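Dear colleague,

I am handing over the structure we spoke about, with the sequence alongside, and my notes on what was found follow below. Please keep both open while you read.

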Amino acid sequence: MTCGRHPDSQYVELAVEVFAMLADATRVRIILALRDDELSVNHLADIVDKPAAAVSQHLAKLRLARMVTTRQDGTRVFYRLADEHARQLVADAIFQAEHTLGGIPRHHHTHPTAAR
């Protein structure tokens, strides 16, 4: 089996699908909201300022992509990130975006909380 990070890896096409899943501002905002917490659809809808039905559809896609998982408590469903990789992908994309603004990006500052 080829190393996953080799150019001819079988995972390249799957990685493209991951990027496609994250090529949506609402889904990126959902990942950012879930980076430290598990949240309900309604709470996520408030955070990302979208209707709960729309957030639910985005969560369904993220769940099918195995980026989020759920926990049910009575009639409420709580969502959380399945692992640290989606969090890191989004953080790295934000860091890359900071480079487009010129100057020294915030994440390069030496203060311990600068990359948050």
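The protein has five helices and three strands, and, read along the sequence, these follow the pattern α-α-β-α-α-β-β-α. Please bear in mind throughout that this is a predicted model. Along its principal axes the C-alpha trace spans about 45 × 40 × 20 Å, and of the 116 residues in the protein, 27% are buried. Among the contacts between residues at least 6 apart in sequence, 41% join residues that are at least 24 apart.

I begin with the sheet. Its three strands form an open sheet in the order S1-S3-S2, with antiparallel pairing, and the edge strands, each of which pairs on one side only, are S1 (39–40) and S2 (68–73). As background, the strands of a sheet pair through backbone hydrogen bonds, in either a parallel or an antiparallel sense. Between S2 and S3 there are six bridges; Gln-72 has Val-77 in S3 as its bridge partner, while Asp-73 stands opposite Arg-76 in S3. The pairing of S1 with S3, also antiparallel, rests on two bridges, and here Ser-40 is the residue that stands opposite Phe-78 in S3. The hairpin of S2 and S3 has two residues between the strands, and in this hairpin Gly-74 takes a positive phi near 70°.

Turning to the interior, the largest nonpolar core has 21 residues, and those with the most contacts inside it are Ile-30, Leu-34, Leu-44 and Val-55. At least two residues of this core come from each of helix H2 (25–33), H3, H4, strand S3 (76–81) and helix H5 (84–99). If you would like one residue from which to look around the core, Ile-30 may serve: leaving aside residues up to four places away in sequence, Ile-30 touches Leu-44, Val-48, Val-55, His-58, Leu-59 and Leu-62.

The largest pocket holds about 460 Å³ of space. Its lining consists of 16 residues, of which Leu-14, Val-18, Met-67, His-85 and Leu-89 lie nearest its centre. Which helix gives the most to this lining? With six residues, H1 does, and both H1 (12–21) and H5 supply at least two residues each. By character, the lining divides into ten nonpolar residues, two polar and four charged.

The loop between H3 and H4 deserves a look of its own. Asp-49 is found in this loop, and its phi is near 55°, a positive value in a residue other than glycine. Asp-49 has a relative accessible area of 67%, and because this is over 50%, the residue counts as exposed. Lys-50 lies in that loop too, between helix H3 (41–48) and helix H4 (52–64). Is Lys-50 buried, exposed or partly exposed? Its relative accessibility is 40%, which falls between the limits of 20% and 50%, and Lys-50 therefore counts as partly exposed. Not counting residues up to four places away in sequence, Lys-50 touches Thr-26, Ala-45 and Val-55, and Val-55 is also one of the residues with the most contacts inside the largest nonpolar core. Should you want a distance for orientation, Lys-50 and Val-16 are 26 Å apart in space, C-alpha to C-alpha, and 34 residues apart in sequence.

A positive phi in a residue other than glycine is also found at Arg-66, where the value is near 60°. Arg-66 sits in the loop between H4 and S2, and it is exposed, with a relative accessible area of 70%.

Finally, I would point you to Glu-98, whose place is in helix H5. Why does Glu-98 count as buried? Its relative accessible area is 19%, and the residue is classed as buried because this value is under 20%. Setting aside residues up to four places away in sequence, Glu-98 touches Pro-105, Arg-106 and His-107.

With best regards

Key
Residues numbered from 1 in each chain as written. Predicted model: local features only at pLDDT ≥ 70, side-chain atom pairs only at ≥ 80, totals over all residues. Heavy atoms only, no water. Helix = DSSP H or I, 4+ residues; strand = E, 2+ residues; numbered from the N terminus. Buried < 20%, exposed > 50% of the residue type's maximum accessible area, 1.4 Å probe, protein only. Contact = heavy atoms within 4.5 Å. Core = buried A, V, L, I, M, F, W, Y, C linked by side-chain atoms within 4.5 Å. 1 Å grid on protein atoms, 1.4 Å probe; cavity = no way out; pocket = protein on both sides within 12 Å on 5 of 7 lines; lining within 4 Å. Points joined across faces, edges and corners; volume = space filled by probe spheres on them. Nonpolar A, V, L, I, M, F, W, Y, C, P; charged D, E, K, R; others polar. Pairing = 2+ DSSP bridges.
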